[in-house]
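Let's walk through this model together, going from its sheets to its helices and then to a pair of serines. Keep the structure open beside the text as you read.

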Amino acid sequence: MKSKTRALTGVLACTLAASLLAGCASGAPGGAGAPVAKIQLSIPDPLTSSVGVSAQHFADQVKKTSNGSVVVTVVPNGTSFSGDQNAAVTRLQGGSLDALILSTSVYASVVPEMNGISIPYLFKDTTEEAAFLAGKPGQLLKDKLAAKDTVALSFLTRTGREITNSVRPIEQPSDLKGLKIRVPGNPLWTDFFGKLGASPTTMAFSEVFTGLQTGTINGQENPIEVPWTNKFSEVQKYVSLTNHINDAWVLALSSKKWGTLSEDQKKSLADASAETATFKTGYDAEQSKKQLDELAAKGMTVNELSASGLEEFKATSKSLYPQFSELIGKEFFDQAIAFTASK
């Protein structure tokens, strides 16, 4: 009898030990048995682009910060939303997309205050833009997005937007007169370029190369990495460093996906996104000069604005402040102007 009791005790002890070990494994972040969260992160550009490199950097950081309990897979080239960026915003809000990196200029259709980032000549440089986005104005924008079922983890800066065209260098606003310049479908851009004397033309980005090639449009405006990534040097002659508008990328999850994550997983994503925001500002600063040099080497003529030309562009922007204030919302417009004026 004693022998049977000892045997039963041994079995119970082993069972208890195994149970405790299994419990420890399942409770450890990233440990064997921990539920792994899988997130598909959609981006509009190739993996080789600045946003592609930054998205993969974020995925790698998440793997580290979560000890493997969160796996982010980057889906490039807008394939998960058929290239329709407005549809991507709607799908993220509805939860049929897990995560998305997309421009603030697109989100402005659902959160008008997003256009506050893009007031022409608002920022001296991307460092000032980064401070704006990391500060009180950026938090207000995150709150506005949260009300749209969108969890904005961080904002990623972009370098200033420049003008390329196939007709002439742009040295002052009058040089834009009559030129058909492709702009995003956003009234801030159309108002600004219309006032400069151009013919602002909205067009899906997927159609821009062909439009430039056929002469349907004369030029376009974007951060310098866009003509570099998309080989616009084949269909454009001039790149003018007007540095006229800044926008940013929003790195966001759907509220639906966010709600499935543990608190540890949420913290891992937040930490990785903050580090990625810092990474991207530095990466872009380094890459944009190389990309500009490569565009010049491929035959594009590069010009900077003179001091007087720059002042003309700024004066045009200021003349539109009443319209911009109405478009953005007076309260946030005033905050944006006050923030940069205090720097």
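What follows is a short guided tour, with each term explained where it comes up.

Please keep in mind that this is a predicted model, in which local features need pLDDT of at least 70 and side-chain atom pairs count only at pLDDT 80 or more, while totals for chains, interfaces and linings use all residues. Residues are numbered from 1 along each chain as its sequence is written, and side-chain values use heavy atoms, with hydrogens and water left out.

A good place to begin is strand β3, residues 99–103. Helices (H or I, at least four residues) and strands (E, at least two) are DSSP runs, numbered from the N terminus. Five of the five residues of β3 are buried, so the strand is largely enclosed by the rest of the structure. Here, buried means under 20% relative accessible area, exposed means over 50%, and partly exposed is in between, using a 1.4 Å probe and protein chains only. In a regular strand, side chains alternate between the two faces of the sheet. In β3 both faces are covered: A99, I101 and S103 are buried on one side, and L100 and L102 are buried on the other.

Which strands does β3 pair with? Two strands pair if DSSP finds at least two bridges between them. Strand β1 (residues 37–42) runs parallel to β3 and is joined to it by two bridges. Along this pairing, L41 stands opposite A99, and S42 stands opposite L100. Strand β10 (residues 248–254) runs antiparallel to β3, and five bridges join the two. There, L102 has V250 of β10 as its bridge partner.

Stepping back, you can place these strands in an open sheet of five, ordered β2-β1-β3-β10-β4, with mixed pairing. The edges are β2 (70–75) and β4 (150–157); each has a single partner strand, so one side of each is left without a neighbour in the sheet. On average, neighbouring strands of this sheet are turned by 25° against each other, direction ignored. For angles and axes, the lines are fitted to C-alpha atoms, for helices over the stretch in contact, and angles run from 0 to 180 degrees between N-to-C directions.

Helices also meet this sheet. Helix α6 (residues 136–146) lies across β4 and β10, running at about 145° to β4. Helix α11 (residues 263–297) packs on the sheet as well, touching β1, β2, β4 and β10, and its direction makes about 20° with that of β4. Contact means heavy atoms within 4.5 Å.

One residue of α11 is worth a pause: S268. This serine is buried, with a relative accessible area of 7%. Leaving aside neighbours within four places in sequence, S268 is in contact with T65 and S66.

Now turn to another open sheet, with six strands in the order β7-β6-β8-β5-β9-β11 and mixed pairing. Its edges are β7 (199–202) and β11 (301–304), each with a single partner strand, so one side of each is left without a neighbour in the sheet. The twist averages 30° from one strand to the next. Strand β9 (residues 238–241) pairs with β11 in the parallel sense over four bridges, and Y238 stands opposite T301 in β11.

After the sheets, look at how some helices pack. Helix α7 (residues 187–196) and helix α13 (residues 321–328) pack at about 170°, with their axes 11 Å apart. That makes α7 roughly antiparallel to α13; angles under 35 degrees count as roughly parallel, over 145 as roughly antiparallel, 65 to 115 as roughly perpendicular and the rest as oblique. P187, L188, D191 and F192 in α7 meet Q323, F324, L327 and I328 in α13.

Helix α13 also meets helix α14 (residues 330–341): their axes come within 6 Å and cross at roughly 120°. That makes α13 oblique to α14. Y321, F324, S325 and I328 in α13 meet K330, F332, F333 and I337 in α14.

Our last stop is S306, in the loop between β11 and α12 (307–319). At 38% relative accessibility, S306 counts as partly exposed. A polar atom of the S306 side chain lies 3.1 Å from the backbone nitrogen of G309.

Terms used:
A polar contact is a pair of N or O atoms within 3.5 Å; within protein, one must be able to donate a hydrogen and the other to accept it, and residues adjacent in sequence count only if both atoms are side-chain atoms.
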